[in-house]
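Let's take a walk through this fold, one piece at a time. Keep the 3D view open and turn it as you read.

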Amino acid sequence: MNQEDLKKTALKILEESYVGTLATVKDNKPHSRYMTFFNDEFTLYTATSKKTQKVDELEANPNAHILLGYEGQGVGDAFLEIEGEMGLHDDRSMIDKIWNDALKGWFTGPDDPDLIILAIKPKHLRLINKKGEAPQNIEL
């Protein structure tokens, strides 16, 4: 598969998959949790509270690892393995873009003072398990 086809496949996975794992670094060890992701091309965004471990971990080490797209059907379920760097965003336009009613379980609303957006910019992106093919690097 050429790079353009790989990118199209990766963007399709990003558009169709919302829940994945986010791993940060805590005490020099991986710390993973499920998160809901939104994307703008290859940059991923997720809402979190300023009071979470994710924010503390990001401040100590901004590296992140995300798995996104696996549907649980077995061999052939294509998914993405993303290594990136996280940053914090609290600008109003980003919060308005990400806000949805599902977040009401964690926040009082889009004006909640603890709401912050994590942005993950990929450094390395790989397409995994595409119909049993070897992992393929996607050049950004």
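A residue counts as exposed here when its relative accessible area is over 50%, and as buried when that value is under 20%. Bear in mind that this is a predicted model.

With those cut-offs in hand, start at helix 2, which spans residues 53-60. Which of its residues are buried? They are Lys54, Val55, Glu57 and Leu58. These four sit on the same side of helix 2, because they cover an arc of only 165° around the axis. Swing the view to the other side of the helix and you'll find Glu59 and Ala60, which are exposed. As for what covers the buried residues of helix 2, the list includes strand 1 (19-26), strand 2 (29-36), strand 4 (43-49), strand 6 (79-89) and strand 7 (115-128).

Now move along to strand 5, residues 63-68. In a regular strand, side chains alternate between the two faces of the sheet. Strand 5 has a covered face made of Ala64, Ile66 and Leu68, while Asn63, His65 and Leu67 make up the uncovered one.

Strand 5 has partners, too. It pairs with strand 1 in the antiparallel sense over four bridges, and His65 in strand 5 is the bridge partner of Ala23. Strand 5 also runs antiparallel to strand 6, and six bridges join the two. There, Leu67 has Glu81 of strand 6 as its bridge partner.

Finally, go back to strand 1, where you'll find Val19. Val19 is exposed, with a relative accessible area of 54%. Together with Tyr18 and Tyr34, Val19 makes a nonpolar surface patch of about 390 Å².

Methods
Residues numbered from 1 in each chain as written. Predicted model: local features only at pLDDT ≥ 70, side-chain atom pairs only at ≥ 80, totals over all residues. Heavy atoms only, no water. Buried < 20%, exposed > 50% of the residue type's maximum accessible area, 1.4 Å probe, protein only. Arc of directions from axis to C-beta. Contact = heavy atoms within 4.5 Å. Pairing = 2+ DSSP bridges. Patch = residues over 30% accessible without salt bridge, like charges linked within 9 Å, V, L, I, M, F, W, Y side chains within 5 Å. Areas by Shrake-Rupley, 256 points an atom, 1.4 Å probe, with all protein chains shown as cover. Salt bridge = Lys/Arg side-chain N within 4 Å of Asp/Glu carboxyl O.
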